[in-house]
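Hi everyone, thanks for making time for this. I'd like to walk you through one model, from a few chosen residues out to the whole chain. Please have the viewer open.

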Amino acid sequence: MLRIDEVINSEAFPDRCDVVVIGGGIVGVSTAYELARRGISVTLIEKGIIGGEQSGRNWGWVRQQNRDLYELPLAMHSLKRWGELSAELGDDIGFRKSGILYGTQQEADVERWKAWLAQAREVGFRSDILSARELEARVPTSKARWVGGLWSATDGRAEPSKAAPAIARGAQKSGARVVQNCAARGLDMSGGSVSGVWTERGRIAAGSVVLAGGAWSALFCQHHGIDLPAINVVGTALRTAEAPGVIEGCFSGPGFALRRRLDGGYTIAVPGYGRVELAPQNLRHSVKFRTMFRSKLNKKLKIRVGSSFFGGPEASAAWNDGDKTPFEKCRILDPRPDTEWLSRAVRNIAGVFPELANVRIAHTWAGAIDTTPDLVPIISKVVVKPGLVIASGFSGHGFGLGPGAGLLTSQLVTNEAPQFDLGPFKLERFSDGTALHRPEMM
């Protein structure tokens, strides 16, 4: 299992509060923290442990550049929160503003970056296109024949094993209750509105509920007749033992991505590659994903029959509130890694950085990434269930966007005016005839 910093459960299990947050990933803990620091009574419930699934399994990149333009304002806002949190919490979340660097051997990549930057500047974001010589100066030991690069000095990295637990502990210090190993079984409704949550330990009365369940959100929604179109893409990564320093931040090169870790090793992955398991939920939403599957992503996805057909986040949504649910049957989702991709990433890195050719692999893992048809998250009130707010479908970007998304979600709950347009994040875009844009950049 992954090493995740510990969060100790709050002592008292509440029978009521103002807001229940379902899900102890980076978005859920950030939402709970932002609500608690405003003096709102909040209870965070997590079926397993804080940060135990994708929020503790991601690459650890905190990125603005190369975001979808719909996401960019949220990414910029989130990076600001990342920079403030360690001081606020009095706890190191592992965030370092060490920059993110891209390198390419394809002229088409440079042209795409230039076109994106021209639009990104309109919302106030700046990064630098690098010549081959300028890129070589930043990675002097590399052996690739570079064409150019892209550099953002304001982007950064953080430690997934530390971030969500530290924010959860900060929420506790601000008055939030955190209850782990406690699954939400369903919403409690009164007069057509949310009045609480049924959990395996009993009912918690609350006027508002935030669903930040990551890979499990669509299943929870289906149980309540809410159509949340999302499929879970299984991504694979590894960490190395301590290794020579070829980059101090994050670097995306030809067929690999790596992040320097605080322990002196690297987190390594192959960008864009993943596995989708055939299951009723994924098949039900397949029509909405046609555009994504027809894009360049289709060559990077494996479609397989797996255990998710019978259980996990793609299990049947038919249960009664008193029944043992799929959330209790699988406390921590721990998918099988795809070693083929990891071997490819290690080979690709060795071709660019020979000093990493014999680096020791310390651990491999996989995680389920809740993915929407347009790869843009859902941060939205649910019209048919007043009192419910969904913050899910972050499509592999949830870690970097998490603190900003938590602040935005807390503002939705408290009816504060958001700092930017929420239209691109609304749930109804998948059902009201909105033309979904083709996934890009990301």
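Let me begin with a question: in which loop is Asn66 found? Asn66 sits in the loop between strand S3 (61–62) and helix H2 (72–89). Before I go further, please keep in mind that this is a predicted model. Now, back to that loop. Asn66 has a phi near 65 degrees, which is a positive value in a residue other than glycine. Is Asn66 buried or exposed? Asn66 is buried, because its relative accessible area is 4% and the cut-off for buried is under 20%.

There is another residue to put beside that one. Asn181 also has a positive phi, near 55 degrees, and is again a residue other than glycine. You will find Asn181 in the loop between strand S8 (177–179) and strand S9 (184–190). Its surroundings read differently on accessibility: Asn181 has 43% relative accessibility and counts as partly exposed. For anyone checking backbone torsions, these are the two I would click on.

Next, let's look at Ser127. Ser127 is placed in the loop between helix H3 (107–120) and strand S5 (128–131). With a relative accessibility of 7%, Ser127 counts as buried. So what does Ser127 touch, not counting residues up to four places away in sequence? The list is Gln65, Leu117, Arg121, Leu150, Trp151 and Ser152. One of those partners deserves a closer look: the side chains of Ser127 and Gln65 are joined by a polar contact of 3.5 Å.

Let's move on to Asp374. Asp374 lies in the loop between strand S19 (361–371) and strand S20 (378–381). Asp374 counts as buried, at 3% relative accessibility. Which side chain makes a polar contact of 3.1 Å with that of Asp374? The partner is Thr372.

Now for a helix residue. Ser30 has its place in helix H1 (residues 26–36). At 2% relative accessibility, Ser30 counts as buried. A polar atom of the Ser30 side chain lies 2.7 Å from the backbone oxygen of Ile26. Leaving aside neighbours within four places in sequence, Ser30 is in contact with Ile167, Gly402, Pro403 and Gly406. To get a feel for the span, jump from Ser30 to Trp319: they are 289 residues apart along the chain, and their C-alpha atoms are separated by 30 Å.

Two glycines come next. Gly396 lies in the loop between strand S21 (388–392) and helix H11 (398–413). How accessible is Gly396? Its relative accessible area is 48%, so Gly396 is partly exposed, given that exposed means over 50%. Beyond its neighbours within four places in sequence, Gly396 is in contact with Ile369 and Asp370. If you draw a line from Gly396 to Ser252, 144 residues apart along the chain, the C-alpha separation is 16 Å.

The other glycine is Gly225, in the loop between helix H6 (217–223) and strand S13 (231–240). Gly225 counts as exposed, at 67% relative accessibility. Gly225 and Arg157 are 68 residues apart in sequence, and C-alpha to C-alpha they are 38 Å apart in space.

Okay, let's zoom out. The protein chain has eleven helices and 21 strands. Along its principal axes, the C-alpha trace spans about 65 × 45 × 45 Å. Why call the chain compact? A compact globule of 442 residues would have a radius of gyration near 22 Å, and the protein chain has 21 Å, which agrees.

What share of the 442 residues is buried? Buried residues make up 60%. The contact pattern is worth a number too. Taking contacts between residues at least 6 apart in sequence, 77% join residues at least 24 apart.

Last, the surface and the charges. The protein chain exposes about 17200 Å², and carbon and sulfur atoms supply 49% of that. There are 54 positive and 45 negative charges, and their mean positions are 4 Å apart.

That's my tour, friends. If you only keep a few pictures, take the positive phi of buried Asn66, the Ser127 and Gln65 polar contact, and the Ser30 side chain beside the backbone oxygen of Ile26. Happy to rotate the view for anyone who wants to see a residue again.

Key: Residues numbered from 1 in each chain as written. Predicted model: local features only at pLDDT ≥ 70, side-chain atom pairs only at ≥ 80, totals over all residues. Heavy atoms only, no water. Helix = DSSP H or I, 4+ residues; strand = E, 2+ residues; numbered from the N terminus. Rg over C-alpha atoms; globule rule 2.2 N^0.38 Å. Buried < 20%, exposed > 50% of the residue type's maximum accessible area, 1.4 Å probe, protein only. Contact = heavy atoms within 4.5 Å. Areas by Shrake-Rupley, 256 points an atom, 1.4 Å probe, with all protein chains shown as cover. Lys, Arg positive; Asp, Glu negative; His and termini not counted. Charge placed at Lys NZ, Arg CZ, Asp CG, Glu CD. Polar contact = N/O pair within 3.5 Å; in protein donor to acceptor, adjacent residues only side chain to side chain.
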